[in-house]
Amino acid sequence: MQESKPVNSKLLPANAYRKLEPGEVYEPVVAADDLRPEVTLWSIGVGVAMVVLFTAACAYMALRAGNAIEASIPIAILAIFFGKMRQPVSSLLENVMVQSVGQAAGVVAAGATFVVPAMYINQLDVSWWQIFFACFIGGSLGVVLIIPLRKYFVKELHGELPFPEATAINNILVTGESSAGGAGKILLISFGIGALFDFSIEALHLWNAGLSSSTLLGGIGSDLRIEVQLTAIAALFGLGYIIGIRYASIIASGSVLAMLVMVPLIYLFGKEIDALAFAGTTYQIADMNASAIFGAFVKPIGIGAIAISGLIGILRMWKSVASSVTLGFTGFSKAAQAESDGTERTQLDMSPKNVLLIQAVSTLGLGVLFFIVAMVTPGDGGAAGYGLVASLKFGAVGMLVGFLVSVLFTPVAAQAIAIVGVNPVSGMTLITVVLAIGCMIIIGLKGTAGMIIALIIGTAVCTALSTSGALITDFKIGYWLGSTPRNQERWKFLGMVVAAFVVAAVIPLMDSAYHFVVEDPATGLMVSNERVLPAPQANMIAAVSNGLMSDPANQPWLLYALGGVVALMLLMSGIPMLAFALGMYLPISINAAVLAGAAVAWLVSKTGGSEKVREARAEQGILIASGLMAGAAIFGIISAVFRVPKLGALIQYISVGVDFWLEDVAGTAVLEEHAHAWYTGFQGQMVGLIMLLVLAFVCFLLARLGAKWMLEGEGGDEQ
């Protein structure tokens with residue numbers, strides 16, 4: 001703990017965001033000799049609480065909507081808001097530590113939800129401890145791999161890289177002393193609204209959020225398999241509110257092509273075929289509804305488009321990859337290590353020896369994890385596990401692949417975050433999984449064990465890359481404001497272990513409550529539960545790993561290839577590939593809800609009597625959206641807990657529109673459900689549509705109220 005030294009804060013220097021002139025030096029807000037509180041019981045305690053809250057929220061949103069929420073900005077706002085409520089008021093550096101520790105939530109959730117569901121989708125036996133150790137070890141490796149690059153990205157390239165996300169968080173922390181009170185109130189009010197709205201839907205079933213044109217419009221277009229759906233929940237609405245109209249429109253355009261063009265065309269030409277045999281399955285297209293056609297034939301095209309979009313993104317960065325690898329080794333040179341001696345507080349990193357030690361321990365930890373997985377995972381012959389020698393070989397190869405790929409891509413992730421604020425982690429993870437599978441096949445590991453080890457490698461590497469990309473944002477914020485890098489680095493490990501525990505609990509919980517795979521009524525096959533848990537990145541990785549490792553002959557390779565062609569066409573057209581590809585993969589019900597939220601945000605930003613008022617209302621968007629999504633996600637997890645049979649399925653006692661009860665199936669309690677006719681029909685869906693409009697109006701009122709508080713704090717009046 002540090003002793004407080006009362007020093008007046010100063011505003012952000014004029015050269016904070018521009019390139020320095022020759023001989024010019026950047027001086028942070030808090031000088032190196034200023035020992036105001038930084039690492040305190042309050043800052044670490046609140047940071048850990050934020051990790052728990054937002055890891056659960058981020059994981060839930062990534063699984064339900066296919067997009068993770070950005071946790072750093074709402075965490076920064078809440079740090080200031082709650083910091084003002086304590087005595088003494090929290091210092092600027094304490095708020096930085098809250099944000100830095102709390103940020104572990106988003107990065108670990110992204111690493112886990114991009115890959116772990118693939119094991120459930122491929123119906124592999126995955127345990128919570130595998131999820132926990134893969135995420136924690138991978139996250140720890142990501143921390144120590146990025147430390148040697150901190151000075152280069154943060155100090156030496158000062159003013160040359162835009163750091164969009166870090167800039168936004170930094171502005172919040174700097175100006176928070178005067179405006180965070182109102183911002184925090186809007187965030188908490190939105191949290192309550194999102195929680196109440198989605199709990200009423202997911203647990204109480206007071207109205208039906210699954211809107212469908214076939215029900216609301218009396219079946220118009222159903223005979224041609226033309227159907228528009230919308231899942232009217234606050235979580236998706238808030239996601240659209242924060243994404244914005246441009247990207248929400250691109251994503252929705254992918255859904256329009258998939259659901260309103262491809263699906264009707266497939267039905268039109270396929271209904272004349274008595275039985276279509278494709279990829280090991282026989283389809284009666286004439287008997288398939290729009291959703292079944294989408295899942296069988298269009299979704300694989302979306303998977304192919306996502307995969308190729310990610311790979312193209314990596315190939316377009318090949319120069320950065322090459323230079324980053326050289327840079328990574330330079331960071332461990334003797335000269336770089338010597339520089340750590342005698343440095344001032346604001347440039348003080350962890351000891352290079354400790355960094356290398358943690359690197360070695362983390363890498364060996366990966367090898368031990370893969371070894372244990374090989375020992376306990378049934379082999380191709382159904383044995384209890386592989387032998388000692390074989391398991392050692394698999395563990396060693398997996399460890400080598402995981403470490404080398406992490407070293408290769410860690411600087412790439414950091415540079416991508418520093419330049420565009422987007423981490424191309426899904427593409428890099430796909431490459432990792434393919435490389436891991438190739439290596440496992442070469443050394444003789446196939447089938448179930450091969451897939452599990454390859455996917456755990458992918459989980460660890462994905463978490464490492466997500467962590468390193470996000471930590472460079474932390475470092476830049478600390479550089480601007482005057483934090484001690486060593487404190488950010490050390491306490492990030494605590495955030496990692498807590499976040500890893502949370503995702504290791506949330507993901508199995510979501511599978512127990514909703515199931516990642518369900519039976520397709522049209523074919524009787526077990527398919528991905530795309531309506532409730534779409535998890536697009538995991539589905540892509542599941543398809544690739546299953547195709548390469550277990551059943552390559554019965555994979556829809558032609559559709560994957562067609563998706564790749566679509567990605568190339570998008571590239572040539574200048575359309576953001578990944579956003580459009582996600583639209584093709586995700587159900588239109590999700591993307592329509594996202595578009596609705598984005599449209600409301602755009603309309604709200606156009607209201608107001610002056611340009612200043614309109615800008616103030618637009619700035620409330622991130623607060624409203626973050627609150628809606630976080631509240632909806634947390635209570636969505638509570639709703640999931642209420643569905644777990646082992647916990648008594650409490651939902652059966654509170655649900656109104658849907659009846660739930662437990663059935664004994666082969667000695668196992670299974671939750672059954674039956675929806676009332678009014679709930680699934682026009683009445684239930686119309687109430688859902690009306691409630692969505694009410695939510696939109698409430699968001700307008702919140703934006704107006706938040707803008708008023710904001711302008712009053714600045715000494716202005718709302719018009």
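Let me start with helix α10, residues 234-243, which is mostly covered, with 8 of its 10 residues buried, where buried means under 20% relative accessible area, exposed over 50%, and partly exposed in between, using a 1.4 Å probe and protein chains only. The buried residues are A234, A235, L236, F237, G238, L239, G240 and Y241, and after the helix comes G244, whose phi is positive, near 100°. Helices here are DSSP runs of H or I of at least four residues, numbered from the N terminus.

Please keep in mind that this is a predicted model, in which local features need pLDDT of at least 70 and side-chain atom pairs count only at pLDDT 80 or more, while totals for chains, interfaces and linings use all residues. Residues are numbered from 1 along each chain as its sequence is written, and side-chain values use heavy atoms, with hydrogens and water left out.

Turning to the interior, the structure holds 1 cavity of 30 Å³ or more, a cavity being a set of points on a 1 Å grid over the protein atoms alone where a 1.4 Å probe fits but cannot get out, with lining residues having an atom within 4 Å of a point. The largest cavity contains about 40 Å³ of space, the volume being that filled by probe spheres set on the grid points, which are joined across faces, edges and corners. Its lining is formed by Q229, M259, S291, F294, E530, R531, P587 and I588.

Finally, V389 lies in helix α16, and this residue counts as exposed because its relative accessibility is 67%.

Definitions and conventions
On a 1 Å grid over the protein atoms alone, a cavity is a set of points where a 1.4 Å probe fits but cannot get out, and a pocket is an open set with protein on both sides within 12 Å along at least five of seven lines; lining residues have an atom within 4 Å of a point. Helices (H or I, at least four residues) and strands (E, at least two) are DSSP runs, numbered from the N terminus.
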